[in-house]
Amino acid sequence: MNADLQSQFSNQLTDWYWKYGCKRKDDYTLSTSSWTKSLYDVSKQVKVIIDSTGNSRPAMAIWGPSQTGKSTLVSAYIDANAKFEKTPGVDGVGSGLHWQGGTPAFFMAPDVDEDAGERLPGHICVLNPFNGGRDASACLSRFVYGTKSANTDFHYVKNINYPIGIFFAKPIDIWHAIARGYDTECLGPAKSPTRNASQWTLPKFQTELAKFVRANKQHSKKAPDRKAYEALHDFCEILDDLVFAELPRFRQLLDEGEDNWQSIRASLLSEKVLVSDLGLVEKFAALIFWDANSVLTEYYNKMKKAKSLYSKKFGNKPVYCTIPVASLLLDMDSCKMYFEPVPSNAKSDDKERMIHDKVPRLAYTESEDSILIGLDNNLPDKLVQSAEDYALFQGLVWELIIPLNPDNLPQTPFKEFLQESDILDFPGVGNERAGEATQIDLEPDSAISAVTENNDQSVESSEIRKKGIPFEAKLFFLQILKRGKTSSIVSTYAKRCNIDGFCIFQNLDGYPPVNSQQLITGINTWWKYFIPDYYRDQNAPCPLPLNVALLWWALMINQAPNNAATILGSKEANYKTLGIIADPEVSTTFALNYHRFSRGKIHRKFDKETELYKTIRNEEAFLKQFGADVQSVSINSFEAMVDDFNTGGADYFFTRLKEQILTARQNPDSNRINLLNKKLEDTCRKITDLLNTGKLFPPKKQVDIRKINLTDFSQGLEAQVKGNSEKAITEINHVLREYLDINYQALMPIPNDIKGITKNFVDRQLRQWINKQLARYDNWEAGGRKGIINWSKLGIGNREQFRDYLDALRLSIEKTFEETAQWLIKLIRTHKARLDLLNIDLRRHLAVRLSNEIVYSHTSIQNEEFTDHSDDEDLFLPKFKTVTGKDCLSYKLFIKPFVETQLKRFINLRLTPVLRPDDIPGDDEIVGLCKEYELLPDSVKEDA
């Protein structure tokens, strides 16, 4: 089943759920925390696959701390043939950005002699921003190989006056960015003496959730709302990202393991208060993401409203803009300058005055197939009315697609690489050293009164005010949103599986990166969602292209003493801070130095004959990072950097990148399209799992599939045991215990409101556990069926059997669910009555109870493994004779009581068929839908 059909089916199944499925009651309820969650997980994953395969061209990402030289890398190639005669209409002609008849432009500003009083002419258009060493780019830039022919695999430039494509943020991106911005850029609530934001631990999270639910309990009787549920699902996804990023505020949510956290996160999707009301979802999200700060909630709503407004204006049409508009949108300083008045002494060609001239002229027109944005006064529709309007629009721009004109690019390795792959230039990670960044006080007027109310004498109000700068509107866009976008954009793109390789840039002429964790998290996210097998076991080279480029060697070389024993070693911390990314066993190291810039000029003799060169080549730090093999890519890169004064090793760099991309495409284990097709197989399995949910379809006759599956399970186990050695049966014993064990962390939290404790709640818990076990099987299968647990030891041949046997066990104890629910209610009441028991996790008790129901007879086997065989001397003499099969001690102690007593009892159960009511919503519709897509489960096909 291809991606398009899967997408159509999952969308129609979602529509079916909200029309019929959500109305099902009692035993036929479809859980929002498991079934509906899985449906949305699958739908999102299929959309990711479709979007990623839709752009089949490879994409190589370039990322790193701000001002490390990412843009400098491409500027020499893009501007190589650009004219600079200080003449309007001529300057910028011939650059890679220029299309004949379109706007001439430079990628980077041409050099002028500022010491001699020279200034760049005001008519010059420069795309790439440079703001005095600060983080300059407001969004991602995608460089593509352009063409004016529509019948090629390259990027088609239909309108040379509007060549730049614009992609906007999704609503989930806005939430994510503001949450990340608050985390790093803002002081916490004024009521906190330390002004720290909330640190989320598991108890605190669950306590705040319980308080929120109680405060809004009047909404619990409302029907589930689709918009609310979809927003809640997005919220859970973002929250998972924040936890995975190991942010100090959220990482304690993983204290009891990832499985435990995933269960708690899933339980949010069953909270009736949240599922019923979109406003409450956003209110709860504001509490968790930014401590319910009203300022950030206000700006989140403004961003959301602006997104909705532009979506209505532009519809589904692609959006393009002129190069001058792209220059504005890419430059973060344009937002800053437009918020501020023009200096009274500003000249006509000063940047501030030019910004104030351009922004009000932003306008657009709608053609038959696209939206075109420019600065032309003849365009009919104004785009923005105020500084805040402009900031909102710029903030919503997530990606600019920049087509380069191959006719204006010299024949270099850069051009050859661009023919094979796009380049993704991500905004740089902030370079501020810890403690130096000024945080924003979102509540400056509340800080003093909060201290007074709390009678906190330990912290003076003046000290609190010193910690932050008062909030003003521009700071939301320039600092909170900008830094939040920078933090989240790589994570969101990595999850969308459209990055074929990464190059992490790190300079050697500054300090170690203080925000290196952002870089590590970004790469880990890429691995987790794209190559999960490698993410789980990183003890080998990354199967996808991963490079670390060390740049700007000049300062280190110029300042090295003549008798230095170590030179690169003195800067080892600069790249070692990158952790596993910089591990030469995982990534490939390159050396780059742009000799043409003053920052890259080496002022002493430095070639292969000098002692300085030999010292670096032979020192321990160099050999560790670049290797000792003179034929290696890394060694050759270093030599190219030294010898190539024109590009400083960039030609060699792009030559190797091209080879990496082509090699990756030829290898099925690293080909992005092939990897996506594997993911498609996974989503197809998950759809099958959804459709195999019990009581989803109406049976025409009663067939005890449960008994058939348990019989197969029993026979499979006995076949594995027969004739096997004690050692082999010990392994079977271990795997069976793992198969049947209910880990409490796989269960969802026990609700405080006992009204939620029903037999359906017990059923959902067991289904949740089965899904967790199934995930373990999937990981084992994806890893080549290797690992400590070998599920085939149980005689289980495939995934379907693994799932069906567990579900048969669940059905066998279904009659005990009501009794278990009543037992759990009594337990909750007991714990609530005793302060010393309040913090005990009742899931532990429930897991033991359910495990016992599955493994032991309800009437107890009375320790049969010991009682029934106490007189059997063979039980105690295994080491004195060779025994096999059922005579082995490991069989008698656990496998025999389960197989010969419990399984036999389950198989012989005569379960009274429950007649399905005739009025279950959506029965006929789901059968018809599944028949249309040929997805009707086999157990239903025979009868439907």
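Here are a few notes on one strand and the internal cavities of this predicted model.

1. Start with strand β1, residues 59–63, which is mostly covered. Five of its five residues come out buried, so each of them falls under 20% relative accessible area.

2. Which residues sit on each side of β1? A59, A61 and W63 share one side, while M60 and I62 take the other. Both faces are covered, with every one of these residues buried. As background, side chains in a regular strand alternate between the two faces of the sheet.

3. Now for the neighbours of β1. It pairs with strand β10 (residues 422–425) in the parallel sense, over four bridges. If you want a landmark in the viewer, look for M60, which stands opposite I423 in β10.

4. There is also a pairing with strand β13 (residues 501–507): β1 and β13 run parallel and are joined by four bridges. A handy marker here is A61, whose bridge partner in β13 is F502.

5. On to the empty space inside. How many cavities of 30 Å³ or more does the structure hold? Three. The largest has a volume of about 50 Å³, and the second largest is put at about 40 Å³.

6. The largest cavity is worth a look for its lining: A138, M332, Q394, G395, F477, L481, K482 and K485. Two helices, α14 (387–396) and α18 (473–495), each supply at least two of the lining residues. The largest share is from α18, which contributes four. Sorted by class, this wall has four nonpolar residues, two polar and two charged.

7. What lines the second largest cavity? You'll find H176, R180, D241, L242, F244, A245, S491, T521 and T525 around it. Two or more residues apiece come from α4 (171–185), α6 (226–244) and α19 (516–530). Of the elements involved, α6 gives the most, with three residues.

8. The class make-up of that second lining is three nonpolar, four polar and two charged residues. For the charged ones, click on R180 and D241, both of which are in the lining, since Arg and Asp count as charged.

9. To recap for anyone skimming: β1 has parallel pairings with β10 and with β13, and its two faces are both covered. As for the cavities, α18 provides the largest share of the lining in the largest one, and α6 gives the most in the second largest.

Conventions. Residues numbered from 1 in each chain as written. Predicted model: local features only at pLDDT ≥ 70, side-chain atom pairs only at ≥ 80, totals over all residues. Heavy atoms only, no water. Buried < 20%, exposed > 50% of the residue type's maximum accessible area, 1.4 Å probe, protein only. Pairing = 2+ DSSP bridges. 1 Å grid on protein atoms, 1.4 Å probe; cavity = no way out; pocket = protein on both sides within 12 Å on 5 of 7 lines; lining within 4 Å. Points joined across faces, edges and corners; volume = space filled by probe spheres on them.
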